[in-house]
Amino acid sequence: MKNTPKPQTIESILADSNVAQDFSPTSTDSNPDRRYEMFTLRNKDYVTADVQDRIRNTRVLVAGCGLGSTFAESAVRLGFEKFILVDGDTVAPTTSTAKPTRPLT
């Protein structure tokens with residue numbers, strides 16, 4: 001049986017990390033590399049640093065921003081930063097149910 005890593009808490013990851021302890025998600029830290037490192041810290045046990053760097057520098061094409069927006073959100077959470085979003089639809093009351101936004105009134 002393969003040993004799977006035990007999930008860690010954010011506190012334990014920060015304790016083992018070289019990142020300053022005073023970071024919060026609402027930080028106004030102007031260093032984009034530090035913000036990216038903190039944002040992707042949850043990937044540490046699953047994605048190698050080399051792969052995370054490739055993810056950060058890969059351009060993603062999302063064709064269709066209705067259902068595609070769910071994929072795009074997941075990609076952002078994984079650490080992708082460069083997106084091309086393509087959708088031929090227009091925002092209207094009849095199409096708003098396909099979009100994860102507040103319905104138009």
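Helices (H or I, at least four residues) and strands (E, at least two) are DSSP runs, numbered from the N terminus. With that in hand, let us explore this predicted model through a few exercises.

**Exercise 1. Getting your bearings**

Task: Find how many helices and strands the protein has, and in what order they run.

Solution:
- Step 1. The protein contains 4 helices and 2 strands.
- Step 2. Reading from the N terminus, the order is α-α-α-β-α-β.
- Step 3. For a sense of the interior, note that 27% of the 105 residues count as buried.

**Exercise 2. Looking along helix α2**

Task: Work out which residues of helix α2 are buried, and which residue caps its N-terminal end.

Solution:
- Step 1. Helix α2 covers residues 32-39, and its buried residues include R34, Y36 and M38.
- Step 2. The N-terminal cap is N31, with a side-chain oxygen 2.9 Å from the backbone nitrogen of D33.

**Exercise 3. Following R56**

Task: Place R56 in its element, decide whether R56 is buried or exposed, and list its salt-bridge partners.

Solution:
- Step 1. R56 belongs to helix α3, which spans residues 49-56.
- Step 2. Buried means under 20% relative accessible area. R56 has 15%, so it is buried.
- Step 3. One partner is D33: the closest N and O atoms of this salt bridge are 3.0 Å apart. This pair links distant parts of the chain, since R56 is in helix α3 and D33 in helix α2, 23 residues apart.
- Step 4. Another partner is E81, with an N to O distance of 3.0 Å. Because E81 lies in the loop between α4 and β2 while R56 is in helix α3, this salt bridge ties together parts 25 residues apart in sequence.
- Step 5. Both partners are partly exposed: D33 has a relative accessible area of 48%, and E81 has 43%.
- Step 6. R56 also meets a ring: its charged end sits over Y36, 4.1 Å from the ring centre.

**Exercise 4. A salt bridge inside one helix**

Task: What separates R77 and E73 along helix α4, and how do their side chains meet?

Solution:
- Step 1. R77 and E73 are 4 residues apart in helix α4, so about one helical turn lies between them.
- Step 2. A helix of this kind helps explain the arrangement: an α-helix has 3.6 residues a turn, so residues three or four places apart point the same way.
- Step 3. The two side chains form a salt bridge, at 2.9 Å from N to O.
- Step 4. R77 is partly exposed at 46% relative accessible area, and E73 is partly exposed at 43%.
- Step 5. Turning back to the wider picture, salt bridges with shared partners join D33, R56 and E81 into one network. The count of salt bridges comes to 3.

**Exercise 5. Rings and the surface**

Task: Find the count of aromatic pairs, the residue over the face of F39, and the members of a nonpolar surface patch.

Solution:
- Step 1. Rings pair if their centres lie within 6.5 Å. By this rule there are 0 aromatic pairs.
- Step 2. R42 lies over the face of F39, 4.7 Å from the ring centre.
- Step 3. The nonpolar patch on the surface is formed by L61, I84 and V86, which together have about 260 Å² of accessible area.
- Step 4. I84 sits in strand β2, residues 82-86, and is partly exposed with a relative accessible area of 39%.

Note on methods
Residues are numbered from 1 along each chain as its sequence is written. This is a predicted model: local features need pLDDT of at least 70, side-chain atom pairs count only at pLDDT 80 or more; totals for chains, interfaces and linings use all residues. Side-chain values use heavy atoms; hydrogens and water are left out. Rings of Phe, Tyr and Trp (its six-membered ring) pair if their centres lie within 6.5 Å; planes under 30 degrees apart count as stacked, over 60 as edge-to-face and the rest as tilted. A charge sits over a ring if NZ of Lys or CZ of Arg is within 6 Å of the ring centre and within 35 degrees of the ring normal. Patches are made of residues with over 30% relative accessible area and no salt bridge: like charges are joined within 9 Å, nonpolar side chains (Val, Leu, Ile, Met, Phe, Trp, Tyr) within 5 Å. Accessible areas come from the Shrake-Rupley method with a 1.4 Å probe; for residues, only the protein chains shown count as cover. A salt bridge is a side-chain nitrogen of Lys or Arg within 4 Å of a carboxyl oxygen of Asp or Glu. Buried means under 20% relative accessible area, exposed over 50%, partly exposed in between (1.4 Å probe, protein chains only). A polar contact is a pair of N or O atoms within 3.5 Å; within protein, one must be able to donate a hydrogen and the other to accept it, and residues adjacent in sequence count only if both atoms are side-chain atoms.
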